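Work through the exercises below with the model open. Try each task before reading its solution.

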Amino acid sequence: MKLLTKLSFADYITFLSLSLAFLAIILLLNNQPFWAINASLASFMFDILDGYIARLKSSFSDFGKYLDSFNDVFIYLLFSIFLTIFYVSKVNIFSLFGWVS
């Protein structure tokens, strides 16, 4: 409970961004790519916003840095991997290059 009182407003926005990134992956796994991409775009926007607010209010903490780094890995790496796997599994790769399979 003491941790929640120490979090800054930027940390709460980071948690929101992380939740949206997690939701985007779940939506993608449930075969809803349109909503997954929209959730990831919202997550990107909140990721930008949390850094802006942290710099604006000078509210830096070690926990916030770790949380933001974890959030970045989750959004940019994991979602991209799942999105690539989703589309590669739907498309015949050989047909992209004109090869017959």
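Four exercises follow, each with a worked solution.

The model is predicted: local features need pLDDT of at least 70, side-chain atom pairs count only at pLDDT 80 or more, and totals for chains, interfaces and linings use all residues. Residues are numbered from 1 along each chain as its sequence is written, and side-chain values use heavy atoms, with hydrogens and water left out.

**Exercise 1. The overall fold**

Task: State how many helices and strands the protein has, and in what order its elements run.

Solution.
- Assign elements as DSSP runs, numbered from the N terminus: helices are H or I with at least four residues, strands are E with at least two.
- The protein has five helices and zero strands.
- From the N terminus, the order is α-α-α-α-α.
- Next, burial: buried means under 20% relative accessible area, exposed over 50%, partly exposed in between, with a 1.4 Å probe and protein chains only.
- Of the 101 residues, 30% are buried.
- Last, contacts, meaning heavy atoms within 4.5 Å. Take those between residues at least 6 apart in sequence: 76% join residues at least 24 apart.

**Exercise 2. Helix H2 and two of its residues**

Task: Compare the span of H2 with the expected span, then place Thr-14 and Asp-11 in their surroundings.

Solution.
- The expected span is 1.5 Å times one less than the number of residues.
- H2 has 21 residues, and 30 Å is expected. From first C-alpha to last, H2 reaches 31 Å, close to that value.
- Buried residues of H2 include Ala-10, Ile-13, Ser-17 and Leu-28. The buried residues of H2 pack against H3 and H4.
- Thr-14 lies in H2. Its relative accessibility is 2%, so Thr-14 counts as buried.
- Beyond neighbours within four places in sequence, Thr-14 contacts Asp-50, Leu-67, Asp-68 and Asn-71.
- Asp-11 is also placed in H2. Its relative accessibility is 6%, so Asp-11 counts as buried.
- With neighbours within four places again left aside, Asp-11 contacts Ser-61, Gly-64 and Leu-67.
- Asp-11 and Ser-59 are 48 residues apart along the chain, and their C-alpha atoms are separated by 9.3 Å.

**Exercise 3. Two helix pairs**

Task: Are H2 and H4 roughly parallel or antiparallel, and which is it for H3 and H4?

Solution.
- Fit axes as lines to C-alpha atoms, for helices over the stretch in contact; angles run from 0 to 180 degrees between N-to-C directions.
- Classify: under 35 degrees is roughly parallel, over 145 roughly antiparallel, 65 to 115 roughly perpendicular, and the rest oblique.
- The H2 and H4 axes come within 10 Å and cross at roughly 15°. H2 and H4 are therefore roughly parallel.
- The residues of this contact divide into 18 nonpolar, four polar and two charged. Here Ala, Val, Leu, Ile, Met, Phe, Trp, Tyr, Cys and Pro count as nonpolar, Asp, Glu, Lys and Arg as charged, and the others, Gly among them, as polar.
- H3 and H4 (residues 62-90) pack at about 160°, with axes 11 Å apart. H3 and H4 are therefore roughly antiparallel.
- The H3 side of the contact includes Pro-33, Ile-37 and Phe-44, and the H4 side includes Ile-75, Phe-79 and Phe-86.
- The residues of the H3 contact with H4 divide into ten nonpolar, three polar and four charged.

**Exercise 4. The loop after H2**

Task: Where is Asn-31, and what is the sign of its phi?

Solution.
- Asn-31 sits in the loop between H2 (9-29) and H3 (33-57).
- Its phi is positive, near 60°.
- Most residues other than glycine have a negative phi.
- Asn-31 has 47% relative accessibility, so it counts as partly exposed.
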